Amino acid sequence: MPTLISVWLLARAGFHPSYASAAVIQGLLAALVTRWRGLAAWWLPIQCLFPLALLGAHALALPSWLFLTIFMVLLAVFWSTFRTQVPYWASGARVWRAVAELLPAGRPLKVIDIGSGLGGFTLDLARRRPDATLTGVELAPLPWFVSWLRAALTASRARFVRGDYESFDFADFDVVFCYLSPAAMPALYAKCLAEMKTGSKLMSYEFVIAERTPDLVIPITHNGASLYVWDF
Ligand SMILES: C[S@@+](CC[C@H](N)C(=O)[O-])C[C@H]1O[C@@H](n2cnc3c(N)ncnc32)[C@H](O)[C@@H]1O
């Protein structure tokens, strides 16, 4: 549509560009507006290439059901990301190992992964700590379903709930693990302050709480991503 508008505007001005050159002009204009409005730098290549990508997809004459299917899958994966500002992204085995090593041994623990994605963290901890009670809560339906299925197929003790972590009382847990986003941290900290019991821990991979210095920082990757721990 923007490309069509560009073609129309150029035609009105006496130019008759091809759709491809109009798409390039459209992309450059979008990139200029992006820069002017101060969006993050990674938007620039997206804005430049998007009209060309649309033209390319149009030329492939793909069936319309394919676009609907891709949209439905993306919707089921990213669900409320527009509201939470937390997309799906997996943490990985190094983080899971670091968390497991920090957990006190010799006593049963209750651990929750708030935003459990495909369930990797919770399933891994269920294998390492047979004495722990493990809960994963996930808002998006498809990742939740995959985690539930993985637990069922491997007869894991991990429990996966589809829902919002806001509806859980953190006082029921010894450890709250999260891998969310900077946007989610202020509200999360307020909830932790209101609910977490003395002696419990909040562990966040990559994202800090601006208001409070972590009690422990464990570097995970070479590019500076760390696991942050706060004692309550
Ligand atoms: C970056 S992923 C982390 C996945 C997993 N915890 C891991 O470490 O691999 C964050 C997940 O949190 C979920 N999420 C975001 N806000 C949520 C909320 N309020 N309640 C439950 N899940 C949420 C997202 O759907 C996304 O799948």
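What radius of gyration does the chain have, and what would a compact globule of 232 residues have? The chain has 23 Å, whereas a compact globule of that many residues would be near 17 Å. Keep in mind during this tour that the model is predicted.

**The whole chain**

Start with the C-alpha trace. Along its principal axes the trace spans about 80 × 40 × 35 Å. Switch to a cartoon and you will find nine helices and seven strands. Now colour by domain: domain 1 takes in 2-61 and domain 2 takes in 93-231. Over C-alpha atoms, the centres of the two domains are 42 Å apart.

Two totals for the chain are handy here. Of its 232 residues, 27% are buried. If you count contacts between residues at least 6 apart in sequence, 61% of them join residues at least 24 apart.

**The nonpolar core**

Next, select V111, V176, F177 and C178. These are the residues with the most contacts inside the largest nonpolar core, which has 37 residues. As background, nonpolar side chains in soluble globular proteins tend to be buried together.

Stay on C178 and show what it touches. Beyond its neighbours within four places in sequence, C178 is in contact with I114, G115, L188 and S204.

**Around the ligand**

Move on to the ligand. Its shell holds 23 residues, and the closest are V86, S91, G115, G117 and L139. Which elements give two or more residues to this shell? They are β1 (110-114), α7 (120-128) and β2 (133-138). Colour the shell by residue class and you should get 13 nonpolar, six polar and four charged residues. G115 links this stop to the previous one: G115 is one of the closest residues to the ligand and is also in contact with C178.

**Helix α7**

Select α7 by itself. Its buried residues are F121, T122, L123, L125 and A126. Then bring back the elements around them: the cover over these buried residues includes α6, β1, β2, α8 and β4 (175-178). Two of these, β1 and β2, also appeared in the ligand shell.

**Two positive phi values**

Now for some backbone geometry. Most residues other than glycine have a negative phi. Two places to check against that are Q85 and A155.

- Q85 is not a glycine, yet its phi is positive, about 65°. You will find Q85 in the loop between α5 (81-84) and α6 (93-102). Is Q85 buried or exposed? Q85 is exposed, because 12 other C-beta atoms lie within 10 Å and a residue with 12 or fewer counts as exposed.
- A155 also has a positive phi, near 50°. A155 sits in the loop between α8 (141-153) and β3 (159-162). A155 is exposed too, with 6 other C-beta atoms within 10 Å.

**Last stop: E195**

Finish by selecting E195, in helix α9 (residues 185-195). With 16 other C-beta atoms within 10 Å, E195 is partly exposed. Not counting residues up to four places away in sequence, E195 touches D169, F170 and A171.

To close, draw a distance from E195 to W8. How far apart are E195 and W8 in space, C-alpha to C-alpha? Your viewer should show 58 Å, for a pair 187 residues apart in sequence. That brings you back to the full extent of the trace, about 80 × 40 × 35 Å along its principal axes.

Note on methods:
Residues are numbered from 1 along each chain as its sequence is written. This is a predicted model: local features need pLDDT of at least 70, side-chain atom pairs count only at pLDDT 80 or more; totals for chains, interfaces and linings use all residues. Domain bounds come from an automatic or database domain assignment. Helices (H or I, at least four residues) and strands (E, at least two) are DSSP runs, numbered from the N terminus. The radius of gyration is taken over C-alpha atoms; the globule rule is 2.2 Å times the number of residues to the power 0.38. A residue is buried if 20 or more other C-beta atoms lie within 10 Å of its own, exposed if 12 or fewer, and partly exposed in between; C-beta atoms are placed from the backbone. Two residues are in contact if their C-beta atoms, placed from the backbone, lie within 7 Å. A nonpolar core is a set of buried Ala, Val, Leu, Ile, Met, Phe, Trp, Tyr and Cys residues joined through C-beta atoms within 7 Å. A residue is near a molecule or strand if its C-beta atom, placed from the backbone, lies within 6 Å of it. Ala, Val, Leu, Ile, Met, Phe, Trp, Tyr, Cys and Pro count as nonpolar, Asp, Glu, Lys and Arg as charged, and the others, Gly among them, as polar.
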